[in-house]
Amino acid sequence: MIRSFVINKYLAREFFKVIINVSFTFFCLGFLVNLFEEINFFKDFEVGIDVPIVLSALFVPSMIYNMFPFVLLISGIWFFLKIKKTDETVAMKVSGMSNFSIIVVPCFVSIMLGVMFITAINPITSALVKKCEIIRGNY
């Protein structure tokens, strides 16, 4: 039972690391795409590069919030390919874990992150998008 707890903690930590990596990748890509869009919007106005950068930084968390199901999907695929490639599933099965018990940990982490995103991140992203629209509306 203790061995199972240690393995479950390891699986949760590794899955969370993959989610962080994929989220950071999506954040960087979203920031770049939105930065080009903001620069294109402000090309006729006399503003520096700081306004498009700030507006992109305010808008990208909302994009990440909307893309979070895909982030979890890609993270799950990447995680399971990673543990399959390193033969960690074989070691877990030898220690007595079933396939179902290996899948339950990432599912639990995904559900907890989903609840956290809906309850905590949604109001923050809404406020950031509202601020972004107010700044953009001034131009």
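User: Leaving aside its neighbours within four places in sequence, which residues is Glu38 in contact with?

Analyst: Pro52, Leu55, Ser56 and Arg136 are in contact with Glu38. Contact means heavy atoms within 4.5 Å. This is a predicted model, where local features need pLDDT of at least 70 and side-chain atom pairs count only at pLDDT 80 or more, while totals for chains, interfaces and linings use all residues. Residues are numbered from 1 along each chain as its sequence is written, and side-chain values use heavy atoms, with hydrogens and water left out.

User: Why does Glu38 count as buried?

Analyst: Its relative accessibility is 2%. Buried means under 20% relative accessible area, exposed means over 50%, and partly exposed is in between (1.4 Å probe, protein chains only). Glu38 therefore counts as buried. Glu38 lies in helix α1. Helices are DSSP runs of H or I with at least four residues, strands are runs of E with at least two, and numbering goes from the N terminus.

User: What makes Glu14 and Lys17 a salt bridge?

Analyst: Their closest N and O atoms are 3.4 Å apart. A salt bridge needs a side-chain nitrogen of Lys or Arg within 4 Å of a carboxyl oxygen of Asp or Glu, so this pair qualifies. Side chains of opposite charge can pair when their charged atoms come close.

User: Why are Glu14 and Lys17 separated by about one helical turn?

Analyst: They are three residues apart in helix α1. An α-helix has 3.6 residues a turn, so residues three or four places apart point the same way. Glu14 is buried at 10%, whereas Lys17 is partly exposed at 43%.

User: What else does Glu14 form a salt bridge with?

Analyst: Lys82, with the closest N and O atoms 2.6 Å apart. This pair links distant parts of the chain, since Glu14 is in helix α1 and Lys82 is in helix α2, 68 residues apart. Lys82 is partly exposed, with 26% relative accessibility.

User: How many salt bridges does the structure hold?

Analyst: Three. One of them joins Arg136 to Glu38, with the closest N and O atoms 3.5 Å apart. Arg136 lies in helix α4 and Glu38 in helix α1, so this bridge ties together parts 98 residues apart in sequence. Shared partners join Glu14, Lys17 and Lys82 into one network.

User: Which residues make the nonpolar surface patch?

Analyst: Leu32, Phe36, Ile39, Ile49 and Ile53 make it, and it covers about 460 Å². Patches take residues with over 30% relative accessible area and no salt bridge; nonpolar side chains (Val, Leu, Ile, Met, Phe, Trp, Tyr) are joined within 5 Å, like charges within 9 Å. Areas come from the Shrake-Rupley method with a 1.4 Å probe, and for residues only the protein chains shown count as cover. Helix α1 (residues 2-41) gives the most, with three residues. Ile49 sits in the loop between α1 and α2.

User: How do you know that α2 falls short of a straight helix?

Analyst: Helix α2 has 36 residues, but its end C-alpha atoms are only 44 Å apart, where a straight helix would reach 52 Å. The expected span is 1.5 Å times one less than the number of residues. There is also a bend of about 60° at Met67, and Pro69 follows within four residues. The bend is the angle between axes fitted to the seven residues ending there and the seven starting there.

User: What is the phi of Asp87?

Analyst: Near 60°, a positive value in a residue other than glycine. Most residues other than glycine have a negative phi, and most peptide bonds are trans. Asp87 comes just after α2, in the loop between α2 and α3.

User: Why is Asp87 called partly exposed?

Analyst: Its relative accessible area is 48%. That value lies between the two limits, so Asp87 is partly exposed.

User: Buried or exposed: which word fits Phe108?

Analyst: Exposed, because its relative accessible area is 52%. Phe108 is found in helix α4 (residues 99-137).

User: Why does Ser110 count as buried?

Analyst: Its relative accessibility is 19%, below the limit for buried. Ser110 is also in helix α4. It touches Phe15 and Leu72, not counting residues up to four places away in sequence.
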